[in-house]
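Student: I have a model open and would like to talk through its terms with you. Could we take them one at a time?

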Amino acid sequence: HSSTIPHHDLSLKKDLKHFERGIKRLEYIKKIKKLILFINISHSSEFNNSIYNINLLNSIKKYGFENFFIICIYKNENIKEDKPLIIVNNYYIYEIKSFGYNDPRDDLKIHNLIKQKFNINLISKNIIDNEIKFSN
């Protein structure tokens with residue numbers, strides 16, 4: 001999720017477990033070389049990730065992820081229509097006309113965009129968690 005300021009207290013057990021589960025998932029995905037789609041969504045009221053960021057791409061490669069795509073979606077209420085997709089290697093940037101901050105229609109639009117552009121079935125973190133349980 002996006003956040004302007006840090007809001008997790010790692011001295012709390014629930015927050016620490018949240019981060020540990022996420023790291024365990026990423027380690028598992030890297031180990032089995034599963035195709036992964038990193039999705040970064042921002043809003044015009046937060047920050048603009050509608051530009052290509054080679055540092056983000058390189059940092060993911062540096063830590064051993066080989067089979068991945070990044071899609072950065074910038075939700076902008078101030079444009080009249082969606083802007084074309086920019087593709088650089090396995091880095092995708094898309095700017096969409098937003099219905100408004102936290103409007104559920106944006107989620108549906110993003111889901112449809114991902115299915116259309118990537119032609120993949122998304123799996124949830126729960127499925128990955130179950131795979132991790134059965135692989136141990």
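**Helices, sheet and cavity**

Tutor: Gladly! This is a predicted model. A good place to begin is helix α2 (residues 54–62), which lies across β1, β2 and β4 and runs at about 145 degrees to β2. Helix α3 (residues 104–118) packs on the sheet as well, touching β1, β2 and β4, and its direction makes about 145 degrees with that of β2.

Student: What makes β2 and β4 partners in the sheet?

Tutor: Two strands pair if at least two bridges are found between them. Strand β2 (residues 68–76) and strand β4 (residues 91–97) are joined by 7 bridges, so they count as paired. The two strands run parallel. As one example, I71 has Y92 in β4 as its bridge partner.

Student: What is the strand order in the sheet, and is the sheet open or closed?

Tutor: The sheet is open, with 4 strands in the order β1-β2-β4-β3 and mixed pairing.

Student: Why are β1 and β3 said to stand at the edges?

Tutor: β1 (36–43) and β3 (86–88) each have a single partner strand, so one side of each is left without a neighbour in the sheet. From one strand to the next, the twist averages 15 degrees.

Student: Why are α1 and α4 called roughly perpendicular?

Tutor: Helix α1 (residues 13–32) and helix α4 (residues 125–135) have axes that come within 10 Å and cross at roughly 70 degrees. Angles of 65 to 115 degrees count as roughly perpendicular, and α1 and α4 are therefore given that description.

Student: How do you know that α1 and α4 meet, and which residues are involved?

Tutor: Contact means heavy atoms within 4.5 Å. On the α1 side the residues are K24, R25, Y28, I29 and I32, and they meet K125, I128, D129, E131, I132 and S135 in α4. By class, this contact divides into 5 nonpolar, 1 polar and 5 charged residues.

Student: What makes an empty space a cavity here?

Tutor: A 1.4 Å probe must fit inside but be unable to get out. The structure holds 1 cavity of 30 Å³ or more, and the largest cavity has a volume of about 60 Å³.

Student: Which residues line the largest cavity?

Tutor: The lining is made of I29, K30, K33, K34, I36, G64, F65, E66 and N67. By class there are 3 nonpolar, 2 polar and 4 charged residues in that lining.

Technical notes
Residues numbered from 1 in each chain as written. Predicted model: local features only at pLDDT ≥ 70, side-chain atom pairs only at ≥ 80, totals over all residues. Heavy atoms only, no water. Axes fitted to C-alpha atoms, helices over the stretch in contact; angles between N-to-C directions. 1 Å grid on protein atoms, 1.4 Å probe; cavity = no way out; pocket = protein on both sides within 12 Å on 5 of 7 lines; lining within 4 Å. Points joined across faces, edges and corners; volume = space filled by probe spheres on them. Nonpolar A, V, L, I, M, F, W, Y, C, P; charged D, E, K, R; others polar. Parallel < 35°, antiparallel > 145°, perpendicular 65-115°, else oblique.
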